[in-house]
Amino acid sequence: MSFKRFVVLAVSLVFGAILTTAAFGASIDFWIYEPAGPAGEAALEQLKADFEALSTGNTVNIIPIPKGDFNTKLNIAIAVGEAPDASYLDQPLVAEFAEDGLLDPVPEGRIDESIFYQGALNTNRVGGVLYGLPLTQTCTAIYYNKDLVSDPPETWDELIQVAKEVYDPDKQIAAFGFSWGHYGGGWGAWLWHSFVAASGGQLLDEENQVVSFTEQPVIDALQLWVDLLAYSPFEVIESENSFQTGHVAMMISGPWEIEGLRESWPELNWGVALIPRKAEADFGTNIGGDNGVVYAASENKGLAWAWLKFLTLAESNLVLSRDVMGNFPINLTVAKGEWIGGDEALAAFMEQMKYAQARPRVKGWLKINDEILGAALSEALGGEKTPAEALNDAAEKVNQLLGW
Amino acid sequence: MARLSKYWLCRSLVLYMALLIIAILMVSPFVWMISTSLKNGPDVFTPIPTLFPINKKTGDIYATLENYRYVLIKKGFAIAFFNSLIVAGIVVPLKLFLDALGGYAFARIPFPGRDKLFLLLLSSMMIPGIALLIPRVYVTKVLGLYDSLWGLIIPMSVSVFDVFLLRQFFLTLPRELEEAAMIDGASRLRIFIQIILPLSRPVLAVVTITSFIWHWNDLIWPLVIINTPSRYTLPLALALLTSGQSHKPHLTMAGAAIATIPILIVFLIFQKRILKGITLTGLKM
Amino acid sequence: MFRGTLKRFCKRYLKVIMGSFGSFRYGESLIGILFVTPVVLYFLIFLLYPALGALYYSFTEWNMRTRPIWVGLWNYKHLLFDRIKYPYFWHSLGVTAKYTGIAMPLSFVTALVLALLINAVKRGQDFFKVAFYLPVITAGAAVATMWRWIYDPLYGLLNIGLKAVGLQPQRWLGEPRMIIPALAIISAWQCGFAMIVFLAGLASIPSRLYEAAEIDGAGAWQKFRYIMLPMLKPTTFFLLVTGLIAAFQVFDIVYVLFRTGGGTIGGPGQAGLTYVLSLFDHAFRYYEMGVACAMSFILFVIILIVTYLQFRFVPQSYE
């Protein structure tokens, strides 16, 4: 018996119960981001074929949509009453869609919650109810240039120490950079969240409705970036691909860099390390990734859930996250598996993922992230305000906005 | 006489030098696009963009058609190209005719409320398209055009911008020609087709070029109107070529280069008309 | 709610059409109306109706997923006066005004100079027309890559040039005050459309005029001043009006240059956050379609006023 047939058999056993509820001969539309490259496309086709082989007579229409325009299309389709049966959904949107009554909650007893990375699963939880399933996940860690940094820093003190040592204005070598060169704004704020998590802090205490920007760990996290900038001149870190060209010793970014680094910059000697933590704190990072949801208006919810659940099963989730999307699986059994092989970079990210902290799930967070937190970062990093001042002002605004 | 020709020689030399320098500035991104489309993945990113595909390891100059092969045989790309051709092939002539007809009336045929109506039309250009998007999709759906190629044609069949451009050009045409034709008993439609349109070749060429490019490249409208992958147009197929996470410029550029070919052809055909100055007779100044 | 207006509108035009069978003048009117009918129909269905819809949404709170909630003038009031909820409204308006002020004249003059240069030479016109138009045709991603390189602080062409002549290198896309000029230069570089419109305008100038001028002994400057400029007035007017509308609505360049994995942003210090970029964020990143529509109509009023002034004070034709 070939491995594939074994998988199909195993999956079909798991499936027996699910399929009885799904209508025979039904079809669903599933909206997804475009797969990463030709191999990803073939892998997605295979997933669809495998599922349809199990769920005889039913079809899944996979509709690929450019990632950058996905939310635009999705919201317009909903506005004119043309929503799909199921789709990918950005993590921060699950709460908003659920509150609008658009999503079908995960049916009771349909899934085994223990197979998931809890950080990823919790991005779907709104008011204690699950409104979707995580499909893939990602986070940020530190890339470092092994020729410049022999021993990656583990704590913030070591980080500053290393930064001092590698900084070289004559050779135009900066200590610390940001992927895409942006240090402020919404993107910078998302990256910076990793350092807040590694500082032992959090941005909001949603349960008690407290904005935690003014707490010491958060201020320290911003102070750290300000300190790092002293060893990281803007004209170096703003240069395109400055890490790749060897001008930046350490860079915060996600696993999406790996393929490019290996393919386009084979000369570069690099490694991945966990985000350094504050001495007294545990490791931490942010989380990103894709969730799958089923729309309340769908006429084939049973089939839609069966499909989403299929995508979270060990084998198919590995194919979906690694081959189709270039992300990380959310299924614990796969995550522990040998698929990583001896790949140190992937192993480092897999390790980092354990310390992921979900972003705040309050309504309008994206706007707060871009317009208030991002602005506070720009002000502090640009030297207009001290980190404490910038964050105090930001906290005040967020309090007024959220009415806390 | 000798001094005069020396002057002309100097003049052309300076002119051509200036034109050439500007041309290099203008053309280089296009050249980079083509050259990137001929590169292997690993050779795309360099600190300074290279104008030729150079192998990073050996330093040799090379060219590969692999990216084109991948882009062309990729499922859906050929269909997308075909869909785009159909849409542009129908919408551009249709639009040209309707816009010219309207533009002519707004320029030349008086009727009550004409100029006010024109200003009202013009004012619709001043609202950012994003705000109009959802109601437009809704109308398109009500008309039964959602998720069909006609949905890419009918809602795009007129452009106020072009009406305005054409009107401005019709305003420059001498009235005497029409008046003479009218005395001969020609109808307005005949005047329009037999006199006005032939005289307006330069501007009609401009409108053809620009509206072809616009429809050929438009991403947002097909994105929100089309759900069925077999009806995707080229910009959609292109956007799908590279994932948001793994950036592959060599594939994007190969796709973009293919998408550019029809635009270049249209431009090369019609640009000739832009400079064919027409000699008018009976013009009063 | 719009039905009344529509009815009155239709009635009036029906009357004109019915009445037009009488005299010759009305016959002319009828033909004029027939000629514009397709355009007007399109306008009613695909422009006016959506515009009225957007106007309605601008008085609502609407995330596109649930029913719009009527909030009256709330969106307008808060956009204009609430600096906490909408901290970037005035900022983005300022960015756009600054961009328009720099980019418009720059690309206008560039387009005219390029058209005149092409018009002045005898050979190779086709080649230069294609060459100068290529920036419009080239894929946005390629344009962005090249300009990001030109502006790169370490390896960029511009800074290498500045260093070569002993000047201080700049952070073109890094320092907030440099961003708008940097964007304006790109827009001037992409002036191919205005250039071919100018060329078409020049092509429409009857050659007899030049011949007559030459007989009178006019030089190149006189020909430009007394023939080309006046004859280009309708063209210029068109380019002024549409160029301004386009500059006020600038979006693409910034979107391509500063778009990142985290969404759409306006670059360092939000210095490149143009009005329509901000509007796009409100619509499709923060899901405040009501606010986005209100922003649209505020911009509409601004452009309307400016365009009105242009129609009032800029000559439209040479007559």
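This passage looks at how chain C meets chain A in a predicted model, and then at one residue inside chain C.

Start with the contact between the two chains. On the chain C side, 34 residues are in contact with 37 residues of chain A. Interface size is often quoted as the accessible area lost when the parts come together. Here, the area buried between chain C and chain A comes to about 3,300 Å², with carbon and sulfur atoms giving 56% of it. Three residues stand out: C:Arg65, C:Ile84 and C:Leu154 supply 21% of what chain C buries against chain A, more than any other three residues.

Charged and polar pairings turn up across this interface too. The count between chain C and chain A is six salt bridges. C:Arg148 forms a salt bridge with A:Glu240, and the closest N and O atoms of that pair sit 3.1 Å apart. Polar contacts link 15 residue pairs across the interface, counting pairs with both residues at pLDDT 80 or more. As for helices, α13 (252-258) and α14 (275-284) of chain C each bring at least two residues to the side that touches chain A. Of these, α14(C) gives the most, with three residues. Sorted by class, that side of chain C has 17 nonpolar, nine polar and eight charged residues.

Now for the residue inside chain C. C:Thr96 belongs to helix α4 (residues 89-120) of chain C. With a relative accessible area of 1%, C:Thr96 falls under the 20% cut-off and so counts as buried. Setting aside neighbours within four places in sequence, C:Thr96 is in contact with C:Ala247, C:Phe248, C:Thr274 and C:Tyr275.

Conventions:
Residues numbered from 1 in each chain as written. Chains lettered and ligands numbered in written order. Predicted model: local features only at pLDDT ≥ 70, side-chain atom pairs only at ≥ 80, totals over all residues. Heavy atoms only, no water. Contact = heavy atoms within 4.5 Å. Buried area = accessible area lost by both parts, 1.4 Å probe. Salt bridge = Lys/Arg side-chain N within 4 Å of Asp/Glu carboxyl O. Polar contact = N/O pair within 3.5 Å; in protein donor to acceptor, adjacent residues only side chain to side chain. Helix = DSSP H or I, 4+ residues; strand = E, 2+ residues; numbered from the N terminus. Nonpolar A, V, L, I, M, F, W, Y, C, P; charged D, E, K, R; others polar. Buried < 20%, exposed > 50% of the residue type's maximum accessible area, 1.4 Å probe, protein only.
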